[in-house]
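Here are some exercises on the empty spaces inside a protein and along its surface. Grab your viewer and try each one before you read the solution.

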Amino acid sequence: MPELKFYTLDVFTDVRFGGNQLAVVLGAEGLETARLQQIAREFQLAETVFLLPAEGEGDYRARIFTTGREMTFAGHPTIGTALLLAFLGETAGKEEVVLEEIAGLVPVKYRWENGQAVYAELTSPTPPEFRKAEVTPKQVAEVLGLKVQDIHTLEGVSCGTPYLIVEVTSHAALQHLQFNLPAWEKHLENKWAANLYVFFVAPHEIYARMFAPEPGLLEDSATGSAGVALAAHLGNRIPEDLTFTWVVHQGLEMGRPSRLEITAVKDDFEVVATRVGGAAVQVMEGILRI
């Protein structure tokens, strides 16, 4: 019976049982996509990564699955996988590791302290793409169980994965929203940006929640691919050509506090690059028998 080594981590946190859960499976070369999807469904986590030998210019290939589909790019799986490689000594002392994902090459830079990787930051594989929202504030309010006046701005943004970026007018609206799945299926399920990243800008930080209905999953506790989309959205609103960084808190309503640092780089009045970074902690390791 074939056996595969796996690890689990909590990502975008430095405390176990916070952040977003991730499974990383090693040695899955030769398995068919349908089998990889079955394994991801067995873990029942937001994402599962199958770490494979590189096929191109990267250091490793990362195939990322939710419980229902394969992702072109995802943030917390990329950060978690990069830090796991450091924890296992595979990238010891290196400044950077490059992962091959469907969306493209994803470089991840490390921060080392006393020989330990304590932080990793990825650069999005694609430049930002902005689209006008395909839904109205009234429809989004229905999906979120809010009043129309609670919705401040809407924009579709992708830095590898599309999101509908939704700014609400108060922290209370963010905390107390009630996601309406039938309304989402009616208004958003088949749109380019079907997943919602809802945020509120506080005086010194940002609070956010992400909704992407999947089998067994409705809300995500930390979403790096949404974080870089939000960085692009925020950077696009600022006229200066500078590098801007924001701290985002996510997962609080789920009891899994997460901390993401998101960055937008502007040049010639355009957002030319986006980054997201955070910590991770290893939680479990074991053998998967297939």
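## Exercise 1: the second largest pocket

β16 is the top contributor to the lining of the second largest pocket, giving three residues. Keep in mind that this is a predicted model.

Task: work out which residues line the second largest pocket, and where this pocket lies with respect to domain 1 and domain 2.

Solution.

Step 1. Start with the space itself: the second largest pocket has a volume of about 150 Å³.

Step 2. Now pick out the wall. The lining is made of F12, T13, D14, Y119, R259, L260, E261, G277, G278 and A279.

Step 3. Match residues to elements. β16 (258–267) and β17 (270–278) each provide at least two residues of this lining.

Step 4. Sort the lining by class: four residues are nonpolar, three are polar and three are charged.

Step 5. Place the pocket. Domain 1 (3–122 + 279–289) and domain 2 (129–278) both contribute to the lining, so the second largest pocket lies between them.

## Exercise 2: the largest pocket

Task: find which residues are closest to the centre of the largest pocket, and say which element gives the most to its lining.

Solution.

Step 1. The largest pocket holds about 230 Å³ of space. It is lined by 16 residues, and R69, M71, T161, N195 and E214 are the closest to its centre.

Step 2. Two elements give two or more residues to this lining, namely β5 (70–71) and β13. β13 gives the most, with three residues.

Step 3. By class, the lining of the largest pocket splits into nine nonpolar, three polar and four charged residues.

Step 4. Both domain 1 (3–122 + 279–289) and domain 2 (129–278) help line the largest pocket, so this pocket lies between them.

## Exercise 3: the cavities

Task: say how many cavities of 30 Å³ or more a search of the whole structure finds, then describe the lining of the largest cavity.

Solution.

Step 1. The search turns up three cavities of 30 Å³ or more.

Step 2. The largest cavity comes in at about 140 Å³. Its lining has 20 residues, with E47, M71, Y163, M210 and D220 nearest its centre.

Step 3. Look at the elements around the largest cavity: α2 (75–87), β13 (206–214), β14 (217–220) and α6 (224–236) each supply at least two lining residues.

Step 4. Sorted by class, that lining has nine nonpolar, seven polar and four charged residues.

Step 5. Residues of domain 1 (3–122 + 279–289) and domain 2 (129–278) both appear in the lining, so the largest cavity lies between the two.

Step 6. Move on to the second largest cavity, with about 70 Å³ of space. R131, K132, A133, E134, V135, G156, L164, L188, K191, W192 and A193 line it. Six of the lining residues are nonpolar, one is polar and four are charged.

## Exercise 4: one proline

Task: decide whether P182 is buried or exposed, and how far apart P182 and F87 are in space.

Solution.

Step 1. Locate P182 first: it belongs to helix α5 (residues 181–187).

Step 2. Its relative accessibility is 57%. The cut-off for exposed is over 50%, so P182 counts as exposed.

Step 3. Now for the distance. P182 and F87 are 42 Å apart, C-alpha to C-alpha, and 95 residues apart in sequence.

Conventions: Residues are numbered from 1 along each chain as its sequence is written. This is a predicted model: local features need pLDDT of at least 70, side-chain atom pairs count only at pLDDT 80 or more; totals for chains, interfaces and linings use all residues. Side-chain values use heavy atoms; hydrogens and water are left out. Helices (H or I, at least four residues) and strands (E, at least two) are DSSP runs, numbered from the N terminus. Buried means under 20% relative accessible area, exposed over 50%, partly exposed in between (1.4 Å probe, protein chains only). On a 1 Å grid over the protein atoms alone, a cavity is a set of points where a 1.4 Å probe fits but cannot get out, and a pocket is an open set with protein on both sides within 12 Å along at least five of seven lines; lining residues have an atom within 4 Å of a point. Grid points are joined across faces, edges and corners, and a volume is the space filled by probe spheres set on the points. Ala, Val, Leu, Ile, Met, Phe, Trp, Tyr, Cys and Pro count as nonpolar, Asp, Glu, Lys and Arg as charged, and the others, Gly among them, as polar. Domain bounds come from an automatic or database domain assignment.
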